[in-house]
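Please open the model in your viewer and keep the selection panel at hand. The tour below moves from one selection to the next and says what is to be found at each stop.

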Amino acid sequence: MAAGLCYTDKKAHREGWSMTAYGSLLAAYEAGDGESRRKLDCDFHVKLAEIAGNALLLKFQRELCMKVEFIMLHYPITVEDECSHLRQHHELAEALMEHDETRAVELIISHLSSFYGLKDKFPEGFFHMVL
């Protein structure tokens with residue numbers, strides 16, 4: 001993968017814990033290192049659960065990471081999809097660091113809907129109704 005293909009925002013390399021992790025994740029994407037990418041991607045989700053301070057959420061996220069990692073080993077993902085997920089993580093980290101709850105919720109809904117293919121299975125606005 002060409003350097004900078006997924007995301008070129010240099011701000012990502014200057015800010016906070018998530019941006020350090022983002023830099024490592026970006027390097028794994030660009031090097032085509034699927035194993036490191038999957039681990040770092042999982043670490044991102046677990047870190048968000050740790051920050052929330054909810055033990056049940058953290059337990060659930062760790063279990064989910066193992067399942068998703070297993071699934072990702074068996075289903076190829078396109079470069080475009082990988083880059084999209086990376087951008088979504090970066091945007092979410094920025095929203096959280098800016099304490100923009102509304103934007104963070106929108107990004108989470110969008111990320112999970114696209115990753116799990118839920119957009120066509122639920123009516124528009126469904127996830128906003130359950131929040």
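Begin by selecting Phe 126, which is partly exposed because its relative accessibility of 25% falls between the buried and exposed classes. Bear in mind from this first stop onward that the model is predicted. Add Phe 127 to the selection, and the two rings can be seen to form an edge-to-face aromatic pair, with 5.1 Å from centre to centre and 85° between the planes. Phe 127 is likewise partly exposed, at 23% relative accessibility.

Now add Phe 122, which has a relative accessible area of 33% and is also partly exposed. Across the whole structure a search finds 3 aromatic pairs, and one of them is formed by Phe 122 and Phe 127, whose rings are tilted, with 5.2 Å centre to centre and 55° between the planes. Taken together, ring pairs link Phe 122, Phe 126 and Phe 127 into a cluster.

Next, clear the selection and colour the chain by secondary structure. The protein chain has 6 helices and 0 strands, and along the sequence it follows the pattern α-α-α-α-α-α. Of the 131 residues in the chain, 31% are buried, while the exposed surface comes to about 8,400 Å², of which carbon and sulfur atoms supply 59%. If you display contacts between residues at least 6 apart in sequence, 56% of them join residues at least 24 apart.

For the interior, select Phe 44, Leu 92, Ala 93, Ala 95, Ala 104 and Leu 107, the 6 residues of the largest nonpolar core. Helices α4 (79–97) and α5 (101–115) each supply at least two residues of this core, and the largest share, 3 residues, comes from α4. A second, separate core of 5 residues can be selected afterwards, with Cys 42, Ala 49, Leu 58 and Cys 65 among its members. In soluble globular proteins, nonpolar side chains tend to be buried together.

Return to the largest core and centre the view on Ala 104, which is found in helix α5. Is Ala 104 buried or exposed? Its relative accessible area is 5%, so Ala 104 is buried, the cut-off for that class being under 20%. Which residues does Ala 104 touch, once those up to four places away in sequence are set aside? The contacts are with Leu 92, Ala 95 and Leu 96. A distance drawn between the C-alpha atoms of Ala 104 and Leu 92 should read 5.7 Å, although the two residues are 12 residues apart along the chain.

From there, move to the loop between α4 and α5 and select His 99. Its phi is near 60°, a positive value in a residue other than glycine. With a relative accessible area of 73%, His 99 is exposed.

For the last stop, select another histidine, His 85, whose place is in helix α4. His 85 counts as buried because its relative accessibility is 11%, which is under 20%. Showing its surroundings, and leaving out residues up to four places away in sequence, you will find His 85 touching Tyr 29, Ile 77, His 111 and Phe 115. Placing the two histidines in view together closes the tour, with His 85 buried and His 99 exposed.

Note on methods. Residues numbered from 1 in each chain as written. Predicted model: local features only at pLDDT ≥ 70, side-chain atom pairs only at ≥ 80, totals over all residues. Heavy atoms only, no water. Helix = DSSP H or I, 4+ residues; strand = E, 2+ residues; numbered from the N terminus. Buried < 20%, exposed > 50% of the residue type's maximum accessible area, 1.4 Å probe, protein only. Contact = heavy atoms within 4.5 Å. Areas by Shrake-Rupley, 256 points an atom, 1.4 Å probe, with all protein chains shown as cover. Core = buried A, V, L, I, M, F, W, Y, C linked by side-chain atoms within 4.5 Å. Phe/Tyr/Trp six-rings, centres within 6.5 Å; stacked < 30°, edge-to-face > 60°.
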